[in-house]
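Subject: Structure for your files, with notes

Dear colleague,

I am handing over the structure below, together with some notes on what was found in it. Please read them beside the coordinates when you have a moment.

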Amino acid sequence: GSGFGGGGSGFGGGGFPGAPRKSPPQVHNLNLSLEDLFHGKKKTMKLTRNVVNPDGRTMSEREETVTIDVKPGWKEGTKITLTKMGNERPGYEAADVQFVVKEKPHSHFKREGNNLVYTAYVSLEDALCGTKVDVTTLDDNRVLRVNVKDVIHPNYTKVIKGEGMPISKTGGKERGDLYLKFHVMWPEALPDAKKEQLRKAFAS
């Protein structure tokens, strides 16, 4: 995961006498699309927090605006900590605010680590004779044309190197791979003449 702003310096309950105790962090989900996690983005949010008034006893609410710099390639579960941006209470150090990345489902890609998986729907004829598959990538809607000359069997997968997600620890300079999987659409019925043609083709 990636840190943001460090982890604070509270002494907790076992610190020096008179030192403020640390409240547990306030945890929120940070919902991001696969496009956000591919390109990175600055995400601005408003937080409402309780703060201690100057009298040291009463409380008031304050609205804060925070910006999180989402890095390309961050994964679900990445934690971003905003130090001392949470609620205050008398005798306690302000709590940290922690955001946990949650990845929104995508319409046609599935993410597996640094790789992307795309399922193409092809006819039985194309599965046997070869086909071309056009994949609209996350890379500014670039269309990637993949030529498939092999026979597409039930477990067939074609790997396109370097067309997956950015790898965050390389600063997005390296990318995972794209795994192209196939769903063969079988015909519900075949006319006898077609069956005969197939038998002749397989016999030759």
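The notes that follow take up two hairpins, three loop residues, and then the enclosed and open spaces.

This is a predicted model, in which local features need pLDDT of at least 70 and side-chain atom pairs count only at pLDDT 80 or more, while totals for chains, interfaces and linings use all residues. Residues are numbered from 1 along each chain as its sequence is written, and side-chain values use heavy atoms, with hydrogens and water left out.

Helices (H or I, at least four residues) and strands (E, at least two) are DSSP runs numbered from the N terminus, and two strands pair if DSSP finds at least two bridges between them. Strands β3 (residues 41-52) and β4 (residues 59-70) run antiparallel and are paired over twelve bridges, with Thr48 standing opposite Glu63 in β4. These two strands form a hairpin with six residues between them, and Gly56 in the turn has a positive phi of about 80 degrees.

The second hairpin is made by β10 and β11, also with six residues between the strands, and here Asp140 in the turn has a positive phi of about 55 degrees. Six bridges join β10 to the antiparallel strand β11 (residues 143-148), and Val133 has Val146 as its bridge partner in β11. Along β10 (residues 131-136), Thr131, Val133 and Val135 point to one face and are buried, whereas Lys132, Asp134 and Thr136 point to the other face and are not; buried means under 20% relative accessible area, exposed over 50%, and partly exposed in between (1.4 Å probe, protein chains only).

Turning to the loops, Asp96 lies between β6 (92-93) and β7 (97-103) and counts as buried because its relative accessibility is 7%. Its side chain makes a polar contact of 3.0 Å with the side chain of Lys22 and also reaches the backbone nitrogen of Lys84 at 2.8 Å. A polar contact is a pair of N or O atoms within 3.5 Å; within protein, one must be able to donate a hydrogen and the other to accept it, and residues adjacent in sequence count only if both atoms are side-chain atoms.

Ala94 is in the loop between β6 and β7 and is buried at 10% relative accessible area. Leaving aside neighbours within four places in sequence, Ala94 is in contact (heavy atoms within 4.5 Å) with Lys22, Arg49, Lys84, Gly86, Asn87 and Glu88.

Ser23, in the loop between β1 (21-22) and β2 (26-32), is likewise buried, with 9% relative accessibility. The side chain of Ser23 makes a polar contact of 3.5 Å with that of Arg89.

As for empty space, a 1 Å grid over the protein atoms alone was used: a cavity is a set of points where a 1.4 Å probe fits but cannot get out, a pocket is an open set with protein on both sides within 12 Å along at least five of seven lines, and lining residues have an atom within 4 Å of a point. Grid points are joined across faces, edges and corners, and a volume is the space filled by probe spheres set on the points. The largest cavity has a volume of about 40 Å³, and its lining includes Phe38, Phe109 and Arg175. The largest pocket holds about 330 Å³, and the elements giving two or more residues to its lining are α2 (124-129) and α3 (192-203).

With best wishes
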